[in-house]
2 protein chains.
Amino acid sequence: MTERRYDPTRNEWVTFATHRQDRTYKPKADFCPLCPTKSGARKTEIDRENFEIVTFDNRFPAFSPEAPEPGVQMTELYPVAPANGRCEVVVYSDDHHLTFSDLTSARVRLLVDVWVDRWKILGSEDSIAYVMPFENKGEEVGTTLSHPHGQIYGYPYIPPVPLRELTAAQSYYAEHRRCVECDVIQGELKAGSRIVFENDSVVAWVPFWARYPYEVHVAPKVHLPNLASLSVPLRRNFADALLHVAKNYDLLFGFSLPYIMGFHQSPTDGDARWNDFSHLHVEFTPPNRSADKLKYLAGSESAGGAFISDVAPESAAALLRERWELAND
Amino acid sequence: MTERRYDPTRNEWVTFATHRQDRTYKPKADFCPLCPTKSGARKTEIDRENFEIVTFDNRFPAFSPEAPEPGVQMTELYPVAPANGRCEVVVYSDDHHLTFSDLTSARVRLLVDVWVDRWKILGSEDSIAYVMPFENKGEEVGTTLSHPHGQIYGYPYIPPVPLRELTAAQSYYAEHRRCVECDVIQGELKAGSRIVFENDSVVAWVPFWARYPYEVHVAPKVHLPNLASLSVPLRRNFADALLHVAKNYDLLFGFSLPYIMGFHQSPTDGDARWNDFSHLHVEFTPPNRSADKLKYLAGSESAGGAFISDVAPESAAALLRERWELAND
């Protein structure tokens with residue numbers, strides 16, 4: 001069963017891909033499907049002896065170009081649709097034991113090029129309305145393969161969280177004729193207290209309303225709607241900011257910090273109006289609320305969507321800056 | 001720091017309660033604050049030697065009646081507000097080792113009365129716009145106290161998930177002059193394939209669009225907007241349905257299944273228009289996708305809000321029914 005079903009009580013799509021129940025689950029390092037194929041050894045997903053970055057279609061995709069027709073009958077109350085789209089894997093390195101934060105600056109710069117390319121290619125497919133590169137790092141967020149990698153989903157609809165952002169940004173734009181994210185960034189640069197990293201063109205900060213204790217957002221300072229709008233010099237600065245955040249996280253509690261990292265940007269549904277108020281940014285959300293405790297999405301967050309945080313965003317930003325300064329003095 | 005901060009990029013409130021970082025965390029059974037106070041022993045939160053059900057204010061509340069003024073200056077971009085409201089604990093039994101599914105039918109019936117009473121009392125407070133009883137069960141969903149208990153949050157605003165439901169239900173009502181949940185329930189009763197339990201007035205089913213593999217909703221068959229609208233005979237049937245679902249869950253994989261359980265109903269902000277299209281229901285969302293694997297909210301769900309499930313709702317409902325029949329034959 002592979003299909004999308006519509007929830008008319010929340011106006012959201014939910015996707016079913018029951019073949020994913022059999023996906024590869026925490027294989028031993030010897031059987032890592034993302035490692036290079038060693039000469040004479042069994043083939044992995046990547047039939048090369050070494051590589052820098054590789055992208056390929058996920059073997060257990062939620063969305064695929066030739067998705068079957070839904071197995072249930074659509075009704076007026078219950079719309080259904082094929083799970084068209086793409087699920088790609090992006091392997092960051094051929095070294096099984098690295099994480100994103102261990103990559104060289106040059107490799108992250110190359111990774112930005114890969115994200116730009118894949119965003120353009122997937123976004124140009126008619127069936128794909130939204131392209132989201134993301135990374136799940138660490139068993140705490142459910143990662144089943146430890147080899148350094150991310151994913152790119154090409155959705156056949158605008159997912160609920162980006163849609164809420166776009167809806168809010170559209171209202172704000174209608175009232176102020178400005179992008180809300182631009183105003184947030186200018187305000188943060190002026191306030192300074194929540195800034196974690198800054199270079200000429202890119203800034204990283206803990207949001208005023210951080211849902212996760214050590215949440216950090218990364219965005220270009222000027223209004224750019226998506227990955228494809230990053231100029232070549234800006235790509236270098238963007239890569240530097242992402243790498244800074246990942247390295248800073250590992251200094252926070254003295255271990256490789258788990259996180260979810262996701263790109264938010266303009267849809268690829270062909271409607272250019274999004275570009276005025278969609279501002280490219282990356283959200284890092286680590287699950288930790290301290291070195292040994294996780295923030296769970298329990299009743300208030302899960303059933304209500306109402307986040308309660310026990311860390312002040314200003315304290316989180318100060319601690320991240322302090323850890324960086326201590327390590328780099 | 002205790003305050004609400006507004007996220008203008010999603011139009012949602014996030015609450016900060018930094019004193020909660022010190023809340024009681026997995027105490028040994030001897031030091032359980034929800035156990036009765038034994039004669040001559042140190043006092044727990046409950047100064048009685050035995051009890052049936054007790055409710056009291058959470059010692060580490062996210063929302064409280066005398067919330068302080070916010071510590072930061074409000075700006076046009078960043079609204080802030082006091083975290084007014086209530087956080088209550090509802091202890092289901094004086095027996096530390098039970099779970100909700102172990103309670104007697106009479107105790108669950110009494111618990112429904114408690115929920116009705118607290119909903120009315122908290123809902124009548126001017127500062128409270130929405131009252132949500134919920135339960136976090138199991139360490140897998142972050143429960144820090146194992147004594148059988150739930151919580152009731154009285155929010156000073158309508159939380160994001162209920163608000164999305166109400167917004168969707170309002171549109172549906174405007175178009176069809178019917179409650180969407182009523183139509184869902186009638187459709188499910190007719191289809192039958194996703195029903196888990198049914199009595200004269202209450203039904204439990206796996207939603208057509210279940211976000212979690214073994215998600216189950218429980219609702220009265222007729223249109224009732226909130227807990228206070230449950231008639232006395234209906235309370236018995238409602239209690240029976242909730243208890244059935246909890247017992248059925250424990251039969252699913254042969255162990256006490258963790259879950260989040262939350263009530264969805266009409267707001268208490270004084271606007272009676274909600275009542276036409278707000279339909280009382282309870283959502284159970286267990287984190288398990290199989291006996292030994294959890295469903296994590298990773299990149300697609302967390303960054304995108306786009307749920308991907310690998311269990312067909314019809315299979316989940318069939319398995320729950322089968323387990324029940326096997327155990328009760």
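The following passage describes the relation between chains A and B, their interface, and the surroundings of Val141(A) in a predicted model. Local features were restricted to pLDDT of at least 70 and side-chain atom pairs to pLDDT 80 or more, while totals for chains, interfaces and linings use all residues. Residues are numbered from 1 along each chain as its sequence is written, and chains are lettered from A in the order in which they are written.

Chain B superposes on chain A with an RMSD of 0.0 Å after a turn of 180° and a shift of 0.0 Å along the axis (least squares on the C-alpha atoms of residues with pLDDT of at least 70 in both copies). The two copies are therefore related as by a two-fold rotation axis. Leu297(B) is the residue of chain B closest to this axis, its C-alpha lying at 4.6 Å.

The interface comprises 64 residues from chain B and 64 residues from chain A (contact: C-beta atoms, placed from the backbone, within 7 Å). Helix H2 (residues 160–176) of chain B supplies the largest share of the chain B side, eight residues (helices, H or I, of at least four residues and strands, E, of at least two are DSSP runs, numbered from the N terminus). Because 100% of the interface residues of chain B are also interface residues in chain A, the copies meet through the same surface.

Val141(A) is located in the loop between strands E6 (130–137) and E7 (149–155) of chain A. This residue touches Tyr296(B) and Ala298(B), as well as Asn136(A), Pro258(A), Ile260(A) and Pro287(A), residues up to four places away in sequence not being counted. The C-alpha atoms of Val141(A) and Pro258(A) are 7.1 Å apart, at a separation of 117 residues along the chain.

Methods
Contact = placed C-beta atoms within 7 Å.
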